[in-house]
Amino acid sequence: MISYEPLWTTLKNKDITQYQLINKYHVSAGQLSRLRKNNYISTHTIDILCEILNCRVEDVLRYIPNSDIEIDKDLK
């Protein structure tokens, strides 16, 4: 699972609000809604957020392994 929890911390640390993302940087409200719900977003959106925030991908998202999914050993 991808979690966008680091994004909210990064926004707070950079003193940028969701309102500013929408009105100043033209990030859509729909994208922010998907981020809040940890839904999928495009790599283009991640790129834009990293550019706006002058940060690394790790400052926007985190991968959380899903222990319920069994990995096919043939894929290793």
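## Helix α1 and its two sides

In this predicted model, helix α1 spans residues 5-13, and its buried residues are Pro 6, Leu 7, Thr 10 and Leu 11. These residues lie on the same side of α1, because they cover an arc of only 140 degrees around the axis. The spacing fits a general rule: an α-helix has 3.6 residues a turn, so residues three or four places apart point the same way.

Lys 12 and Asn 13 sit on the other side of α1, where they are exposed. After the helix comes Asp 15, which has a positive phi, near 55 degrees.

## What covers α1

Several elements contribute to the cover over the buried residues of α1. Among the helices are α2 (18-23), α3 (29-36) and α4 (43-53). The strands β1 (2-3) and β2 (62-63) also take part.

## The largest nonpolar core

The largest nonpolar core has 17 residues. Those that touch the most other members are Leu 7, Leu 11, Leu 21, Leu 35, Leu 49, Leu 53 and Val 60. At least two residues of this core come from each of α1, α3 and α4. The largest share, 5 residues, is supplied by α4. In soluble globular proteins, nonpolar side chains tend to be buried together.

Leu 11 belongs to this core and is also one of the buried residues of α1. Residues up to four places away in sequence aside, Leu 11 touches Ile 16, Leu 21 and Leu 53.

## Ile 16, in the loop after α1

Ile 16 is located in the loop between α1 and α2. Is Ile 16 buried or exposed? Ile 16 counts as buried, because its relative accessibility is 14% and the cut-off for buried is under 20%.

With residues up to four places away in sequence left out, Ile 16 touches Leu 11, Leu 21, Tyr 25 and Leu 53. Ile 16 and Ile 52 are 36 residues apart in sequence, while their C-alpha atoms are 9.6 Å apart in space.

## Ser 3, in strand β1

Ser 3 has its place in strand β1. With a relative accessible area of 4%, Ser 3 is buried. A polar atom of the Ser 3 side chain lies 3.2 Å from the backbone nitrogen of Glu 5.

Which residues does Ser 3 contact, leaving aside its neighbours within four places in sequence? They are Asn 38, Val 60, Leu 61, Arg 62 and Ile 64. Of these contacts of Ser 3, Val 60 is also one of the core residues that touch the most other members.

How values were computed
Residues numbered from 1 in each chain as written. Predicted model: local features only at pLDDT ≥ 70, side-chain atom pairs only at ≥ 80, totals over all residues. Heavy atoms only, no water. Buried < 20%, exposed > 50% of the residue type's maximum accessible area, 1.4 Å probe, protein only. Helix = DSSP H or I, 4+ residues; strand = E, 2+ residues; numbered from the N terminus. Arc of directions from axis to C-beta. Contact = heavy atoms within 4.5 Å. Core = buried A, V, L, I, M, F, W, Y, C linked by side-chain atoms within 4.5 Å. Polar contact = N/O pair within 3.5 Å; in protein donor to acceptor, adjacent residues only side chain to side chain.
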